[in-house]
Amino acid sequence: QKIVFNRHPVTDDPNFTNQAEIYLMNPDGTGLQRLTDNTEEERGPAWSPDGARIAFACRVGGGTADFEICVINADGTGVVQLTDNAVADLTPTFSPDGQRILFHRVVVGTQQLFTMNADGTQQMKLTTPPGSNTLANWGELRVHEEPAP
């Protein structure tokens, strides 16, 4: 019922910005609502299955600082930073039950998939080098079976 996205001015540097913020809007483009308003960059928001929370990559410290994984309530309250390290954590997506978050992390020049509980605990690496593993999206497999003739 709502679209979540990040936005920053066209004059802003898209690679290193402190003006990218998280917004909501209705599917018809009306009802624009800004959820974040700070000097840190936010990117790649993803809904929790129940629509109550949004996970996103947050550049804590602004500028060229690394990205961490953060969550915010859908009403714009309660921002929580879930990861805290010296490497980039990006592209979070909730598990279908909302209990875990899948994301990718830069590990020694590669990008690998990790999961963690929705509160940031129990971080676990899923993939190993070599290779770059990114942009995963945790969803449900839906199979449509044709009725027997």
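Here are five short exercises with worked solutions on this predicted model.

**Exercise 1: The overall picture**

Describe the secondary structure and the overall dimensions of the protein chain.

*Solution.* Start with the count: the protein chain has zero helices and eleven strands. Reading along the sequence therefore gives the pattern β-β-β-β-β-β-β-β-β-β-β. Next, take the extent: along the principal axes, the C-alpha atoms fill a box of roughly 60 × 45 × 25 Å. Now turn to burial, where 38% of the 149 residues count as buried. The accessible surface comes to about 8500 Å², and 52% of that belongs to carbon and sulfur atoms. Finish with charge: there are 10 positive and 19 negative side chains, and the centres of these two sets lie 2 Å apart.

**Exercise 2: The three-stranded sheet**

Work out the strand order of the open sheet that contains β1, β2 and β3, and explain which strands stand at its edges.

*Solution.* First, the order is β1-β2-β3, with antiparallel pairing. Second, β1 (3-7) and β3 each have a single partner strand, so one side of each is left without a neighbour in the sheet. Third, look at the pairing of β1 with β2, which runs over five bridges in the antiparallel sense. One bridge to find on screen joins R7 to its partner E21 in β2.

**Exercise 3: A glycine in a loop**

Locate G29 and decide whether this residue is buried, partly exposed or exposed.

*Solution.* Begin with the neighbouring strands: G29 sits in the loop that links β2 (21-25) to β3 (33-34). Then take its relative accessible area, which is 44%. Buried means under 20% and exposed means over 50%, so G29 is partly exposed. For a sense of distance, compare G29 with M116, which is 87 residues away along the chain. Their C-alpha atoms are separated by 33 Å.

**Exercise 4: The four-stranded sheet and its hairpin**

Trace the open sheet that contains β4, β5, β6 and β7, then examine the hairpin formed by β4 and β5.

*Solution.* The sheet has four strands in the order β4-β5-β6-β7, and the pairing is antiparallel. At the edges stand β4 and β7 (80-81); each has a single partner strand, so one side of each lacks a neighbour in the sheet. As a general reminder, strands of a sheet pair through backbone hydrogen bonds.

Now zoom in on β4 (residues 41-47) and β5 (residues 53-59), which pair in the antiparallel sense over five bridges. Two residue pairs help you to check the register: E41 has R59 as its bridge partner in β5, and E42 stands opposite C58. Finally, the hairpin has five residues between its strands, and G51 in the turn has a positive phi of about 75 degrees.

**Exercise 5: The nonpolar cores**

Identify the residues of the largest nonpolar core and find which strand gives the most to it.

*Solution.* Step one is the membership: A55, I69, V71, L82, F94, I101, F103, V107, F114, M116 and A118, eleven residues in all. Step two is to see where they come from: β6 (67-73), β9 (100-107) and β10 (110-117) are the elements that give two or more residues to this core. Among the elements, β9 gives the most, with three residues.

Step three is to look around one member. Leaving aside residues up to four places away in sequence, L82 touches I69, C70, V71, I101, M116, A118, D119, G120 and Q123. Apart from the largest core lies another one, of nine residues, including I22, I54, F56 and C70. A general tendency fits here: in soluble globular proteins, nonpolar side chains tend to be buried together.

Notes
Residues numbered from 1 in each chain as written. Predicted model: local features only at pLDDT ≥ 70, side-chain atom pairs only at ≥ 80, totals over all residues. Heavy atoms only, no water. Buried < 20%, exposed > 50% of the residue type's maximum accessible area, 1.4 Å probe, protein only. Pairing = 2+ DSSP bridges. Core = buried A, V, L, I, M, F, W, Y, C linked by side-chain atoms within 4.5 Å. Contact = heavy atoms within 4.5 Å. Areas by Shrake-Rupley, 256 points an atom, 1.4 Å probe, with all protein chains shown as cover. Lys, Arg positive; Asp, Glu negative; His and termini not counted. Charge placed at Lys NZ, Arg CZ, Asp CG, Glu CD.
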